[in-house]
Amino acid sequence: MDTCTNRKQLTSLVEAEVTVNSDAADGHMRLELHFPAGENARPVPGQFIMLRVHEGSDPLLARPFGIAGYSEENDIARIEIFYRIVGKGTREMAQWSAGHGVKFLGPLGNSFNLPPADSRSLLIAGGIGLPPLLALVRYMDALGRKDELTVLYGGKVLAGMVGVDVLEGLGIDVQTCTEDGSCGRLGLVTGLLSEYENGKGSHLFVCGPNPMMLAVHEACDSLSESSQYSLESRMACGFGVCSGCAVAVERGEGREYQRACREGPVFAGRDLVPDSFPDNL
Ligand SMILES: Cc1cc2nc3c(=O)[nH]c(=O)nc-3n(C[C@H](O)[C@H](O)[C@H](O)COP(=O)(O)OP(=O)(O)OC[C@H]3O[C@@H](n4cnc5c(N)ncnc54)[C@H](O)[C@@H]3O)c2cc1C
Ligand code: FES
C-alpha cells in the first residue's frame with residue numbers, strides 16, 4: 001500500500017485563529033482554525049492535533065482532535081475539526097467566537113496507508129469517528145479515486161451525525177444507519193456491513209467508539225484484504241513522552257504496548273486484539 005506522503009511531525013505550538021465555530025449537529029460543533037501556511041507540516045489523513053483549550057491551568061492538558069480537512073490559500077492554512085461536547089474542555093471550546101486566538105500542536109501521529117490503485121475500500125465510521133475518514137475521502141477525491149470508496153456511517157440518532165452533507169456533496173457512495181432509524185437504515189453499522197459480505201476482499205478503514213470498532217474487528221477482520229483502525233485512547237502529551245496512551249498490540253512473539261499518539265493512532269487490524277479496544281472510552 002502507498003503511504004500518505006509528508007508525514008512530518010511538529011512539536012512546537014502553532015498559534016491560530018478561530019474563524020468558524022458553528023453547530024454541526026446536536027451537541028456537535030465544526031471548528032475552523034486559520035494560521036500562516038508554510039511554517040507547519042501539511043497534515044495527512046489519520047493525523048490529529050492537540051488543542052490547548054485554555055491558556056491557564058484548568059484544564060491543563062491539551063485535547064486531541066482528528067483533522068477532518070486541511071487547505072491552503074494565499075499563505076493562510078486552514079484546519080477543520082468536528083467535535084462532540086462531552087466535558088470541561090469541549091464545553092469551553094463551544095464558547096469560542098470568530099477571532100479567538102488558540103494554540104495547538106500538530107499535525108501528530110501516523111497516518112492511513114492508501115489502498116492499492118483500482119481496489120475497493122470500505123470506510124466504516126461510528127458517531128464522532130468520521131473526521132479522520134473524511135480527511136481520507138478528501139485525499140482520495142483529490143487523487144481522482146473517490147469511486148473506489150464506500151462509506152458506512154452509523155450513529156445513535158441523526159442529530160449525532162456530522163459530515164454526511166460533506167460526503168454527499170463530494171458524490172461519495174455513503175450508506176448510513178442509526179439506532180432509532182432517524183437517518184438511513186435502522187440498526188448498527190455491523191448490520192450494514194453484513195450487506196457488504198462483512199468486508200470480504202475489501203480494504204477497511206475504521207474509526208469510531210471502541211465497542212463499535214471491536215465488533216467490526218471481530219466480524220470482518222479475517223475476511224478483509226487489509227484493515228486499518230484509528231484507535232481511541234486518552235492522551236496527555238500527544239507526542240510520545242508520557243506513555244499515557246499505550247494500547248495493546250500483538251505481533252509475532254506476543255503482546256506489547258504501543259503509544260497511540262506516536263506509533264498510532266492508526267494500527268493494522270491484524271495486530272489488534274480485544275484488549276486494544278478498552279470499553280472505558
Ligand atoms: C487521536 C484522537 C482523535 C480524536 N478526535 C476527535 C474528534 O475528531 N472529535 C471529537 O469530538 N473527539 C475526538 N477525540 C476525543 C476527544 O479528544 C475527547 O472527547 C476530548 O478530549 C474530551 O475533552 P473534554 O475536556 O471535553 O472532556 P473531559 O472532561 O476530559 O472528559 C469527559 C468525557 O469525555 C470522554 N473522553 C475524554 N477523553 C477522551 C478520548 N481521548 N477519547 C474518547 N473519549 C474521551 C470520556 O468519556 C470522559 O468521561 C479524539 C481522541 C483521540 C485520542
Ligand atoms: S499521549 Fe503521551 S505518550 Fe502518547
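In the predicted model, ligand 1 is surrounded by 23 residues, of which Arg 63, Gly 66, Gly 87, Gly 89 and Thr 90 come nearest. Three elements, β5, β7 and α1 (88–93), each supply at least two residues of this shell. Sorted by class, the shell around ligand 1 comprises 13 nonpolar residues, together with five polar and five charged ones. Residues of the shell are given both by domain 1 (8–108) and by domain 3 (232–281), and ligand 1 therefore lies between these two domains.

The domain assignment of the chain gives three parts, namely domain 1 (8–108), domain 2 (113–230) and domain 3 (232–281). The centres of domain 1 and domain 2, taken over C-alpha atoms, are separated by 24 Å. Their contact takes 13 residues from domain 1 and 14 residues from domain 2. On the side of domain 1 that touches domain 2, the elements giving two or more residues are β2 (14–25) and β7. Of these, β7 gives the most, with three residues. The class composition of this side of domain 1 is seven nonpolar, four polar and two charged residues. Strand β7 thus appears in two settings: it supplies at least two residues of the shell around ligand 1, and it gives three residues to the side of domain 1 that touches domain 2.

Strand β7 also belongs to a sheet. Strands of a sheet pair through backbone hydrogen bonds, in either a parallel or an antiparallel manner. In this model, seven strands form an open sheet with antiparallel pairing, arranged in the order β5-β4-β8-β2-β3-β7-β6. The edge strands, each pairing on one side only, are β5 (63–66) and β6 (69–73). From one strand to the next, the twist averages 35 degrees. Helix α2 (residues 130–142) packs on the sheet, where it touches β5, β6 and β7. The direction of helix α2 makes about 50 degrees with that of β6.

Within the sheet, strand β3 (residues 28–36) and strand β7 (residues 76–84) run antiparallel and are joined by nine bridges. One residue of this pairing can be placed by its partner: Pro 36 has Ile 76, in β7, as its bridge partner. Edge strand β5, like β7, is touched by helix α2 and supplies at least two residues of the shell around ligand 1.

Terms used. Residues are numbered from 1 along each chain as its sequence is written. Chains are lettered from A and ligands numbered from 1 in the order in which they are written. This is a predicted model: local features need pLDDT of at least 70, side-chain atom pairs count only at pLDDT 80 or more; totals for chains, interfaces and linings use all residues. Two strands pair if DSSP finds at least two bridges between them. Helices (H or I, at least four residues) and strands (E, at least two) are DSSP runs, numbered from the N terminus. Axes are lines fitted to C-alpha atoms, for helices over the stretch in contact, and angles run from 0 to 180 degrees between N-to-C directions. Two residues are in contact if their C-beta atoms, placed from the backbone, lie within 7 Å. A residue is near a molecule or strand if its C-beta atom, placed from the backbone, lies within 6 Å of it. Ala, Val, Leu, Ile, Met, Phe, Trp, Tyr, Cys and Pro count as nonpolar, Asp, Glu, Lys and Arg as charged, and the others, Gly among them, as polar. Domain bounds come from an automatic or database domain assignment.
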